[in-house]
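Biologist: I would like to take one small part of this model slowly, and then see how the rest of the chain is put together around that starting point. Could you walk me through it step by step?

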Amino acid sequence: MESLQYEGTQTRLCICVALLFTLLFAGCWAQDEADLVTSVPGLIGIPNFKHYSGYLQAGPGKYFHYWFVESQNNPSTDPLVLWLSGGPGCSSMEGLLAENGPFHLNDNGTVYLNPYSWNKLANMLYLESPAGVGFSYSISGNYQTSDPQVAEDNYKALQQFFSKFPSFASNNFYVFAESYGGVYAPSLSQLIISRSTNINFKGMGVGNGMTSYALNDQSLIYFGYYHGLFGDDLWNQLSQYCCSSISCKFYNSSSTNCQNAVTLYQIQDTGLNIYDLYGQCYGGVGSSARYAADVSNLFRQYKFTFKAPVSAVPSSCPSVCVLAGQDFPRCINGTAMYYWLNDPTVRAALHIPRSIQTWELCSSTVGSLYQRVYMDMSPFYQDLLQRNVTLLLYSGDVDMACNFIGSKWFVEALNQQVVSQYRPWFYNNQIAGYVEQYEHITFLTVKVKTVSLNEKVTLGTSGLLGGHGVFVLKTTGLTVSLTCYL
């Protein structure tokens, strides 16, 4: 009888323990499993990895949309990379669907698996930031924000991510960003390293990023002239009105003649693909939300009101080129993204509530209300370098939004000890770009290539190579970035 009572007690104890473990695991995992994406409308093929889409609270009443894709290699030990796009006001879904993410879009709205996705080697977290961008929102409807506030909001969102996915807290963690993300990444990284003990922060990478308004503007004039974008007449005007016997000041001259010459340079460049000098400008000459967002970062000292002329939508453009209230994307071919992300079945699959706004590549509301505070990111870099954080700045060499010359000048001005002099780096026995290594920071360029379709498959390019979308390099590009330089 005593034996039966003991066995009964033991059985009840086992059941209680089992229930306790069930509740514990439910508490840890229920929230993120609710965000598990179980279908991708239009996908050709079956992914061999888990991925999640949902919301992270980024402060009172602020909710940032995220899409987290686990590594195809070993999620438990592979690095975790946060990806931030720029603008300000542009969506990181472009990174996932058109650059380094696992899902890419055909023009007809079907989805295919990108064989060169960065999640071949890393867990990738794509965050739409700040509120009002993409599917991210604020309950108050107030979308005015600033550089410091975005850093705070991104930090809070990141904290909630690790609450949702605690098993990834021990993975090596990196912050990567592009374009105006060159402001987001270092400001967020500084918060992480100064506040967090629960994030295994290892380094930061910024590609074609905004690092210094002054250096970016100043270098763009030289970039344009030596790439043949304007002739000697304009160059002579710029030299006469913007330069002294000692130096030139293209970005902050008090001379009206200098400012007029700089304005003329901008007008002459209208119609070029600002992200890929030698690439096609999809849709022809004209303006777009993305184009306007990036041009707004140039020569802000002069407070130009110049806007590129908006051309009519080509008759050959399908109806999906124009969504209600949206400018169709010129130069960047974002038509498929607009169409796919606003499909009701896609929104449902990604757990986007019906009340959330229509997805846009760049939010003009966020961009127009945004308060730029940090004009020079070097104090953040100096702080990170003093804390021995490993940093990587890399640039496609034909991008004009944030050109490689300005980035190189920026790194040089940090006055770090050179470890390895400027030299070529190679891929497939070809020069792929150039690299210069300093203590804890590396500057790397990616060379533009003109290749056939078959060669593109071989080289692993799935978009712009050498341009603003330098991040579309195949898996070896991530290996170079994370393994060699981070």
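In which sense do strand 5 and strand 6 (residues 111-113) pair, and over how many bridges?

Modeller: Please keep in mind throughout that this is a predicted model. Strand 5 and strand 6 (residues 111-113) run in the antiparallel sense, and three bridges hold the pairing. One of the partnerships you can look for is that of Leu-105, whose bridge partner in strand 6 is Val-111. These strands belong to an open sheet of three strands, in the order 1-6-5, and the pairing in this sheet is mixed. Strand 1 (43-44) and strand 5 (103-105) are its edge strands, since each of them pairs on one side only.

For a second antiparallel pair, turn to strand 12 (residues 418-427) and strand 13 (residues 430-438), which are joined over seven bridges. Within this pairing, Arg-423 stands opposite Val-435 in strand 13. Strand 12 and strand 13 make a hairpin with two residues between them, and Asn-428, which sits in the turn, has a positive phi of about 55°.

With these strands in view, the whole chain is easier to read: its secondary structure comes to 15 helices and 14 strands. Of its 486 residues, 55% count as buried. If you take the contacts between residues at least 6 apart in sequence, 71% of them join residues at least 24 apart.

Helix 4 (residues 181-195) is a good place to see burial at work. Eleven of its 15 residues are buried, so helix 4 is largely enclosed by the rest of the structure. Among the buried residues of helix 4 are Gly-181, Tyr-184, Pro-186, Leu-188 and Ile-192. The buried residues of helix 4 pack against strand 4, helix 3, strand 9 (173-179), strand 10 (201-209) and helix 12 (378-386). The length of helix 4 can be checked as well: at 1.5 Å a residue it should span 21 Å, and its end C-alpha atoms are 21 Å apart, which agrees.

Helix 6 gives another view of burial, because its buried and exposed residues can be compared side by side around one axis. Leu-234, Trp-235, Leu-238 and Cys-242 are buried in helix 6. These four cover an arc of only 105° around the axis, which puts them on the same side of helix 6. Asp-233 and Gln-240, on the other side of helix 6, are exposed. The spacing follows a general rule: an α-helix has 3.6 residues a turn, so residues three or four places apart point the same way.

Cys-242 leads on to the disulfides, of which the structure holds three. One disulfide joins Cys-242 to Cys-258, with an S to S distance of 1.9 Å. The torsion about its S-S bond is about 110°, so this disulfide is right-handed. Cys-242 lies in helix 6 (residues 232-242) and Cys-258 in helix 7 (residues 256-268), so the pair ties together parts that are 16 residues apart in sequence. Cys-242 and Cys-258 are both buried. Another disulfide joins Cys-243 to Cys-248, also with an S to S distance of 1.9 Å, and its torsion of about 105° makes it right-handed.

The remaining link joins Cys-90 to Cys-362, with 2.0 Å from S to S. With 100° about the S-S bond, the link of Cys-90 and Cys-362 is right-handed. This pair links distant parts of the chain, 272 residues apart: Cys-90 is in the loop between strand 4 (80-84) and helix 2 (93-99), while Cys-362 is in the loop between helix 10 (344-349) and helix 11 (364-369). A residue counts as buried under 20% relative accessible area; Cys-90, at 1%, is therefore buried, and Cys-362, at 3%, is buried too.

Finally, look at the nonpolar interior. In soluble globular proteins, nonpolar side chains tend to be buried together. Here the largest nonpolar core has 101 residues, of which Trp-67, Leu-97, Phe-173 and Tyr-381 touch the most other members. Helix 3 (residues 147-164) supplies the largest share of this core, seven residues. Leaving aside residues up to four places away in sequence, Tyr-381 touches residues including Pro-186, Met-204, Leu-391, Phe-410 and Ile-441. A second, separate core of 22 residues includes Tyr-225, Phe-230, Cys-258 and Leu-277.

Note on methods:
Residues are numbered from 1 along each chain as its sequence is written. This is a predicted model: local features need pLDDT of at least 70, side-chain atom pairs count only at pLDDT 80 or more; totals for chains, interfaces and linings use all residues. Side-chain values use heavy atoms; hydrogens and water are left out. A nonpolar core is a set of buried Ala, Val, Leu, Ile, Met, Phe, Trp, Tyr and Cys residues joined through side-chain atoms within 4.5 Å. Buried means under 20% relative accessible area, exposed over 50%, partly exposed in between (1.4 Å probe, protein chains only). Contact means heavy atoms within 4.5 Å. Two strands pair if DSSP finds at least two bridges between them. A disulfide is a pair of cysteine sulfur atoms within 2.5 Å. The arc is that of the directions from the helix axis to the C-beta atoms. The expected span of a helix is 1.5 Å times one less than its number of residues.
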